[in-house]
Amino acid sequence: MPDASPTPQVKTLPDAQTVTEVTHWTDRLFSFRCTRPRSLRFRSGEFVMIGLLDERGKPLLRAYSIASPSWDEELEFYSIKVPDGPLTSRLQHIQPGEEIILRPKPVGTLVLDALLPGKRLWFLATGTGIAPFASLMRDPETYEKFEQVVMMHTCRTVEELEYGRQLVESLKDDPLIGEMVDGKLHYYPTTTREDFHHMGRITDNMTSGKVFADLGIAPMDRAHDRAMVCGSLAFNHDVKAVLEGFGLREGANSEPLEYVVEKAFVGDGI
Ligand code: FAD
Ligand code: A2P
């Protein structure tokens with residue numbers, strides 16, 4: 001009698017994890033989910049190294065924020081597609097059932113522990129910089145520690161906001177945090193190069209006071225406001241200046257203060 005039981009998946013890569021789901025959002029953006037190593041513990045907001053084997057059979061790894069919360073059984077990633085990018089020119093074609101490499105050593109500064117206690121938490125992101133906040137927005141600890149959470153996400157076009165929009169929309173019906181999020185999470189997406197109900201750069205909407213007026217909330221105040229920033233180097237640089245203007249100081253895991261910053265990617269150097 002032939003054995004009818006399914007063949008166990010052979011782990012062909014070092015630190016291999018199996019992709020379970022892939023969603024393409026635009027021709028430049030996709031997300032995927034994969035199995036989670038049993039031993040992997042991480043704090044929502046951290047990043048890991050993931051990748052594929054190159055043509056010579058060597059691991060080709062890049063930093064990726066974990067977009068899923070720390071309680072999730074699987075891992076989720078939200079990715080750019082760089083046409084000639086060494087990793088993403090291939091990673092964008094990944095299919096469910098295929099394997100990726102995942103080094104289970106999470107690190108990063110966008111963690112709640114790196115901030116002093118406060119009342120209102122700001123997530124400030126451009127492009128794929130929303131990934132660590134996709135994790136933190138789904139973590140109950142975020143809402144236990146803060147009375148209000150503001151998610152500002154800016155992209156060039158409306159379609160680039162869709163991953164974040166659907167994620168925020170799904171939180172309302174989430175059995176774990178639906179009630180916690182209700183009335184606490186303010187979502188403020190904007191575009192800069194296509195008409196939308198709210199437009200403009202995050203920096204401009206903060207310095208002009210537009211975001212505070214639109215949401216009907218008080219301007220930033222070092223006593224109560226905390227912030228996490230994730231975007232390009234130029235964005236991070238400019239947002240830091242705005243936050244410092246409100247009196248907030250940059251903290252770290254070793255010295256929690258009022259805001260923390262992480263690069264969404266490297267390559268547009270200033
Ligand atoms: P690379 O050679 O790495 O990049 C080529 C060029 O593409 C870069 O010089 C830059 O100009 C541009 N680029 C790279 N990544 C991006 C991006 N995300 N958005 C816009 N332009 C980009 N990328 C993600 O897609 N999702 C993440 O969650 C993510 N988290 C990161 C966390 C950290 C701490 C860092 C440092 C980087 C992160 N990145 C993330 C970027 C990622 O590490 C790779 O750069 C990206 O996957 C492209 O890899 P590549 O080999 O195809 O091209
Ligand atoms: P803009 O269209 O005005 O450049 P990119 O696709 O170039 O990474 O940009 C993603 C989003 O971040 C865009 O909406 C872009 O606005 C915005 N952005 C880029 N640089 C900055 C910056 N230095 N400060 C604020 N927003 C920025």
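The exercises below, with worked solutions, concern cysteines, aromatic pairs and nonpolar cores in a predicted model.

**Exercise 1. Cysteines**

Determine how many disulfides the structure holds, and state where C34 and C155 stand with respect to other cysteine sulfurs and to solvent.

Solution.
1. A disulfide requires two cysteine sulfur atoms within 2.5 Å.
2. For C34, the nearest cysteine sulfur belongs to C230 and is 19 Å away, so C34 is in no disulfide by the 2.5 Å cut-off.
3. For C155, the nearest cysteine sulfur is also that of C230, 12 Å away, and C155 is likewise in no disulfide.
4. The count for the structure is zero disulfides.
5. Residues under 20% relative accessible area are buried. C34 has 0% and is buried; C155, at 6%, is buried too.

**Exercise 2. Aromatic pairs around Y163**

Classify the ring pairs that Y163 forms with W25 and with Y78, and say which parts of the chain each pair ties together.

Solution.
1. The whole structure contains eight aromatic pairs.
2. In the pair of W25 and Y163, the ring centres are 5.5 Å apart and the planes stand at 80 degrees. Angles over 60 degrees count as edge-to-face, and this pair is edge-to-face.
3. W25 sits in the loop between strand 1 (16-24) and strand 2 (29-35), while Y163 belongs to helix 4 (residues 162-171); the pair therefore ties together parts 138 residues apart in sequence.
4. Y163 is buried, at 3% relative accessible area.
5. The rings of Y78 and Y163 have centres 4.0 Å apart and planes at 10 degrees, so this pair is stacked.
6. Y78 is part of strand 5 (residues 74-80), so its pairing with Y163 in helix 4 ties together parts 85 residues apart in sequence.
7. Y78 is also buried, with 3% relative accessibility.
8. Elsewhere, ring pairs join F30, F32, Y64 and F77 into a cluster.

**Exercise 3. Nonpolar cores**

Describe the largest nonpolar core and locate it relative to the two domains.

Solution.
1. The largest nonpolar core has 32 residues, and F123, F133, M137, L185 and M228 have the most contacts inside it.
2. At least two residues of this core come from each of strand 7 (120-126), helix 2 (131-136), strand 8 (148-155), helix 4 and strand 10 (225-231).
3. Both domain 1 (16-107) and domain 2 (112-261) contribute residues, so the core lies between them.
4. Beyond its neighbours within four places in sequence, F123 contacts residues including F133, M137, V149, M151 and M228.
5. A second, separate core has 20 residues, among them W122, V150, V229 and Y259.

Note on methods
Residues numbered from 1 in each chain as written. Chains lettered and ligands numbered in written order. Predicted model: local features only at pLDDT ≥ 70, side-chain atom pairs only at ≥ 80, totals over all residues. Heavy atoms only, no water. Buried < 20%, exposed > 50% of the residue type's maximum accessible area, 1.4 Å probe, protein only. Phe/Tyr/Trp six-rings, centres within 6.5 Å; stacked < 30°, edge-to-face > 60°. Helix = DSSP H or I, 4+ residues; strand = E, 2+ residues; numbered from the N terminus. Core = buried A, V, L, I, M, F, W, Y, C linked by side-chain atoms within 4.5 Å. Domains from an automatic or database assignment. Contact = heavy atoms within 4.5 Å.
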